[in-house]
Amino acid sequence: MLAAPWRSYLAIDASQPENALPIARHVYAHYVLHELSSLPFYPTWYDEGLAELLCTLHRDGDIIRVGEVPVGRAQWLLLGTPLSLRRMLTARDMLRWPVNRMSMFYAQSWALAHFF
């Protein structure tokens, strides 16, 4: 996602179409959250959890649904080893985390944002 003063650009990897739209929605949710807020930052669990929550939004006729478990997150919540609440609430930079810990973080962040 590249935000510019007059327009914004969002590039997706179309080689995996089943993941492209949910990822694009997730990134767009981050963009909207940060553009519409005067706060300098949000806690990482909230930022990622809300983006995960909003990326599931879809319209079914006259009904708008939001909050379904994002694709691939249910297995982590059911079968993975949860991160401690302290680890969840204090997480900052996760780029060097192992993939399984990062996946669990996203799943638990969704669950926490969904709960609130």
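A: Welcome! Let's begin with a term: a pocket is an open set of grid points with protein on both sides within 12 Å along at least five of seven lines, and its lining residues have an atom within 4 Å of a point. Please keep in mind that the model above is predicted.

Q: Thanks! Before we go into the pocket, what is the average pLDDT of the protein?

A: As a general idea, where pLDDT is low, the predicted coordinates should not be read in detail. Here the average is 87, and 100% of the residues score at least 70. Among the elements, strand β1 (residues 2–3) has the lowest mean, 76, while α4 has the highest, 94.

Q: Which elements should I look for as I follow the chain?

A: You will find 5 helices and 4 strands. Starting at the N terminus, their order is β-β-α-α-β-β-α-α-α.

Q: How do I read the overall dimensions, and what does the C-alpha trace span?

A: The trace covers about 40 × 35 × 30 Å along its principal axes. A second way to look at this is the radius of gyration: a compact globule of 116 residues would have a value near 13 Å, and the 15 Å of this protein agrees with that. Contacts add to the picture: of those with a separation of 6 or more, 48% are between residues 24 or more positions apart.

Q: Now the pocket. How much space lies in the largest one, and which residues lie nearest its centre?

A: The general idea is that rolling a probe the size of a water molecule over the atoms shows where empty space is left. In this structure the largest pocket holds about 410 Å³. Its lining has 20 residues, with P22, I23, C55, P70 and V71 nearest the centre.

Q: Which helix gives the largest share of that lining, and what kinds of residues make up the lining?

A: Helix α1 does, with 7 residues. Both α1 and α3 (74–79) supply at least two residues each. By kind, the lining has 9 nonpolar, 6 polar and 5 charged residues.

Q: How do I read burial, and why is helix α2 called largely enclosed?

A: A residue counts as buried when its relative accessible area is under 20%. Across the protein, 32% of the 116 residues are buried. In α2 (residues 44–54), 9 of the 11 residues are buried, so the helix is largely enclosed by the rest of the structure. Those buried residues are T44, W45, D47, E48, G49, L50, A51, E52 and L53. They pack against α1 (17–35), α4 (85–90) and α5 (99–115).

Q: Could we try single residues? Where is R73, and is it buried or exposed?

A: R73 sits in the loop between β4 (63–65) and α3. With 16% relative accessibility, R73 counts as buried. Apart from neighbours within four places in sequence, R73 contacts E52, S103, Y106 and A107. You met E52 above, among the buried residues of α2.

Q: And what about Q108: where is its place, and which residues is it in contact with?

A: Q108 belongs to helix α5. Its relative accessible area is 15%, so Q108 is buried too. Beyond four places in sequence, Q108 contacts L77, P82, L83 and M88.

Q: One last residue: where is I12?

A: I12 lies in the loop between β2 (8–9) and α1. Leaving out neighbours within four places in sequence, I12 contacts A20 and A24. Its C-alpha atom is 9.0 Å from that of M1, 11 residues away along the chain.

Key: Residues are numbered from 1 along each chain as its sequence is written. This is a predicted model: local features need pLDDT of at least 70, side-chain atom pairs count only at pLDDT 80 or more; totals for chains, interfaces and linings use all residues. Side-chain values use heavy atoms; hydrogens and water are left out. Buried means under 20% relative accessible area, exposed over 50%, partly exposed in between (1.4 Å probe, protein chains only). Contact means heavy atoms within 4.5 Å. On a 1 Å grid over the protein atoms alone, a cavity is a set of points where a 1.4 Å probe fits but cannot get out, and a pocket is an open set with protein on both sides within 12 Å along at least five of seven lines; lining residues have an atom within 4 Å of a point. Grid points are joined across faces, edges and corners, and a volume is the space filled by probe spheres set on the points. Ala, Val, Leu, Ile, Met, Phe, Trp, Tyr, Cys and Pro count as nonpolar, Asp, Glu, Lys and Arg as charged, and the others, Gly among them, as polar. pLDDT is the predictor's confidence in each residue, from 0 to 100. The radius of gyration is taken over C-alpha atoms; the globule rule is 2.2 Å times the number of residues to the power 0.38.
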